[in-house]
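Opening the notebook on this one. I want to look up how the parts meet, and then follow a few residues.

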Amino acid sequence: MTAGAAGKAPALPRAARRAPLRTRLLRWSPLAPATVLLLLFLAGPIGYCVFIAFTDTQLTGQASASFVGLANFRRAFGDPAFRNAVVLTLVFTVLSSILGQNTLGLALAGLMRRASRPVRSLTGAMVITAWVLPEIVAGFLLYTFFERRGTLNAVLDWLHLPTQNWLFTLPVMAVSFANVWRGTAFSMLIYSAALSAIPPEVTESAEVDGAGGLRRLWHITLPMIRRSIGTNLMLNTLQTLSVFGLIWAMTRGGPGNRSQTLPVFMYDQAFLKSLIGYGTAVALLLLLVGAVFSVVYLRLMREEV
Amino acid sequence: MRPTAPLILLAVAVVAAGTLTACGSGSGDDRNTVKVAFIKDTNAKVTVRDDYIRLVAREFEKDNPGKKVRLIPIQASENDYYTKIQQMMRSPRTAPDLVYEDTFLVNSDIKAGLLRPLDAHVNAWDDWRQFEPAAKAAARGQDGKTYGVPDGTDTRGLWFNKKIFRKAGLPATWRPKTWDEVLDAARTVKRRVPGVIPLNVFTGKGAGEAAVMQGFEMLLYGTGENQLYDPASRKWVTGTKGFKDSLGFLDTVYKEKLGPDVSDALSPNIQTNVAAELLPEEKLAIDLDGSWLGQQWQKTGGGNPWPAWSTTLGQTPFPTQHGRPPGRVSLAGGWTWSVPQESQQPDLAWKLIQTFQSRKNALEWCVRGAQIAVRKDVAADPRYLRSVPGIGFFTSLVKISQYRPALPEYPKVAAAIGEAMEAVTAGDASPEKAAKDYDAALATAVDGRTVAKP
């Protein structure tokens with residue numbers, strides 16, 4: 001390609017043509033291994049996934065797969081179980097990520113700035129321990145908390161309040177709470193960093209002007225950390241959309257389909273019903289949901305500022 | 001001082017500790033090693049199968065100097081186990097050389113090209129003549145070739161607690177003739193022995209194929225002939241009254257609170273709970289379950305030694321819906337040792353199968369695992385007949401036992417049945433609605449090869 005280009009442009013002096021190319025190659029060469037690895041291990045599997053989504057590949061029970069065009073996607077939109085999973089995914093994401101982790105993380109970060117050092121360290125350590133625990137371990141912990149003979153019911157029983165099997169009666173609430181419990185630390189860290197970056201003079205002068213706590217929060221703090229809010233919301237949402245182990249350990253998407261979010265639905269179709277092609281198509285649709293959320297957040301972050 | 005710094009340091013330290021200790025385990029691809037994948041009980045205390053396999057592996061290594069057996073125990077619920085081995089078998093780099101397969105998956109895995117035919121081996125093997133024809137058929141593909149050597153079979157019936165029955169005024173020689181008599185006994189227990197779960201029937205998606213086979217099909221097969229698959233037309237059956245009635249039975253059990261709490265019944269741990277807690281702690285009066293339950297309570301490897309079980313529990317056949325002849329119903333299944341297509345050591349794997357199913361080891365497994373023998377010589381052995389109380393009863397069910405339609409689509413059909421059961425048990429759908437949804441799901445699962453029956 002470069003040879004052809006060189007042949008067509010004889011007017012330019014040789015050195016002038018060669019130098020930029022060599023520089024370009026030199027500049028690019030340290031990145032080459034990384035690029036190759038990325039293509040191989042990231043773009044490769046993603047491309048393969050996209051391909052599989054258009055076939056009827058199965059895990060077992062099938063001699064060879066064939067190309068089926070958009071059949072998997074048509075099937076998804078006609079499948080009440082899929083629509084149910086989309087709704088539950090949105091509920092789960094809004095409850096646990098946008099309302100739960102995000103708000104609670106901001107509140108904790110704000111409160112911890114005022115707290116004494118021991119309280120700060122203790123709270124921080126606790127919240128972060130929940131975050132660092134592997135997803136599946138957190139899932140089992142929360143399972144034993146919500147289960148019929150679990151901790152929550154023991155406490156309620158002790159207070160003479162009615163008990164119930166939370167995983168059965170309120171499965172989406174239970175898994176959402178679990179996700180908040182597990183993921184709040186991330187928001188807290190982001191917001192701690194953002195809050196400490198606000199110059200104290202700004203807050204002080206607002207205080208001198210007589211602005212109350214709520215006014216300061218609304219007019220000073222939130223606008224000043226809006227970029228962090230956007231970043232945090234985006235990362236949180238993407239992470240929450242793909243939560244699988246937590247829900248699988250706690251409810252397996254049940255009872256019935258009442259906590260079957262998209263990742264659980266996808267696993268159910270791809271591995272339990274062995275419809276790998278269909279499951280992969282659902283995965284692509286999940287990717288699309290994530291992309292929509294990301295675009296919305298990016299727009300929010302870009303405006304004014 | 002920024003408040004985040006110590007927090008981040010802490011996080012990094014904990015993450016590092018987590019990842020660094022979970023160090024990888026490298027494995028050399030040894031020509032002299034045969035890899036064996038099998039299911040490990042979700043109750044870690046139950047090591048019956050692990051112990052037996054280890055025993056055979058040691059014998060194999062002693063008889064074949066220089067050869068090694070690498071065990072790959074997979075601790076998972078049954079459905080997760082199937083998924084795992086299917087994935088492993090797809091690639092030569094991960095495929096085990098020998099795999100423990102449930103016979104209901106054999107045809108599905110054959111069609112997917114995951115298993116190797118063993119005809120040349122079994123035909124040259126003297127012991128093969130000892131195997132019961134029905135057991136041989138369980139591991140035969142639709143192409144007529146043999147893809148596995150079965151290591152036992154199982155049957156199903158009602159287990160009941162005689163002590164609870166005495167308290168409820170029910171006879172210790174209980175022999176229900178119809179579904180209604182089963183339900184009546186459960187209602188009597190509920191009335192007279194409070195605090196005890198009257199009747200357990202596995203249901204829903206949590207228990208996986210166990211719910212479909214021990215629960216649903218035990219009911220369905222007692223409602224009429226060929227209610228699931230019609231061999232004459234080679235089509236799957238929709239719209240039967242028997243299907244709705246079977247769901248109706250479950251509906252009654254769980255609506256009248258004759259069964260375990262619905263949330264427990266639908267939990268993936270229900271099988272472990274029944275065997276490890278509810279039955280030994282005498283909190284369950286009647287259990288519709290398999291012949292192998294006794295293995296859980298063996299003195300060695302049983303996890304929950306319970307010597308009194310043989311006198312406390314009675315067994316009786318599960319009746320047909322209205323007492324239609326032969327008056328009792330049972331399903332038989334079983335597992336086989338199979339060699340994956342991608343196995344790197346198929347000949348060594350075959351040698352290991354022979355060791356597993358030598359007369360001595362087959363007897364050992366039937367005794368330890370409360371299995372029903374598939375070898376005639378083992379079935380006649382006095383040690384086998386004395387091994388587990390009730391073995392005679394369950395062995396007697398073999399001749400009336402029916403088999404699941406072991407076709408490639410069956411696992412998907414079973415998944416659809418599990419969903420219908422779950423919907424009814426959770427109260428999300430009436431039996432009629434769930435049966436209708438099943439018909440639709442079935443049509444998709446078998447590509448429209450269905451036939452409607454009244």
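**Chain B against chain A**

I started at the interface of chain B and chain A, where the rule finds 15 residue pairs in polar contact, both residues at pLDDT 80 or more. A polar contact here is a pair of N or O atoms within 3.5 Å; within protein, one must be able to donate a hydrogen and the other to accept it, and residues adjacent in sequence count only if both atoms are side-chain atoms.

Note to self on the ground rules: this is a predicted model, so local features need pLDDT of at least 70 and side-chain atom pairs count only at pLDDT 80 or more, while totals for chains, interfaces and linings use all residues. Residues are numbered from 1 along each chain as its sequence is written, chains are lettered from A and ligands numbered from 1 in the order in which they are written, and side-chain values use heavy atoms, with hydrogens and water left out.

Next I looked up salt bridges (a side-chain nitrogen of Lys or Arg within 4 Å of a carboxyl oxygen of Asp or Glu). Across the interface of chain B and chain A there are 6. One I wrote down is B:Asp428 with A:Arg258, at 2.9 Å from N to O.

Which elements of chain B give two or more residues to the side that touches chain A? I get helices H1 (4–21), H3 (78–89), H4 (103–111), H11 (262–265), H12 (270–278) and H19 (410–425). Helices (H or I, at least four residues) and strands (E, at least two) are DSSP runs, numbered from the N terminus. H1(B) gives the most to that side, with 7 residues.

For contact (heavy atoms within 4.5 Å), I have 41 residues from chain B and 40 from chain A. Interface size is often given as the accessible area lost when the parts come together. Between chain B and chain A the buried area (accessible area, 1.4 Å probe, that two parts lose on being put together, summed over both) is about 3,100 Å², with 56% from carbon and sulfur atoms.

**Inside chain B**

The domain assignment (bounds from an automatic or database assignment) gives domain 1 as 5–154 + 333–396 and domain 2 as 156–331. Their contact takes 23 residues from domain 1 and 26 from domain 2 of chain B. Their centres, taken over C-alpha atoms, are 28 Å apart.

The area buried between these two domains is about 2,000 Å², and carbon and sulfur atoms give 54% of that. On the domain 1 side, B:Asp154, B:Phe393 and B:Phe394 lose the most area to domain 2, together 28% of what that side buries.

How many salt bridges are there between domain 1 and domain 2 of chain B? I count 1.

**Following B:Arg156**

B:Arg156 is found in strand S5 (residues 156–161) of chain B. B:Arg156 forms a salt bridge with B:Asp154, the closest N and O atoms being 2.9 Å apart. The B:Arg156 side chain also reaches the backbone oxygen of B:Leu331 at 3.1 Å.

Buried or exposed? B:Arg156 is buried, because its relative accessible area is 3%, and buried means under 20%, exposed over 50%, partly exposed in between (1.4 Å probe, protein chains only).

**Leftovers**

I also checked helix H9 (residues 209–220) of chain B: 12 of its 12 residues are buried, so H9 is largely enclosed by the rest of the structure.

Last, cysteines: B:Cys366 is buried at 2%, whereas A:Cys49 is partly exposed at 35%. Disulfides (a pair of cysteine sulfur atoms within 2.5 Å) come to 0 over all chains.
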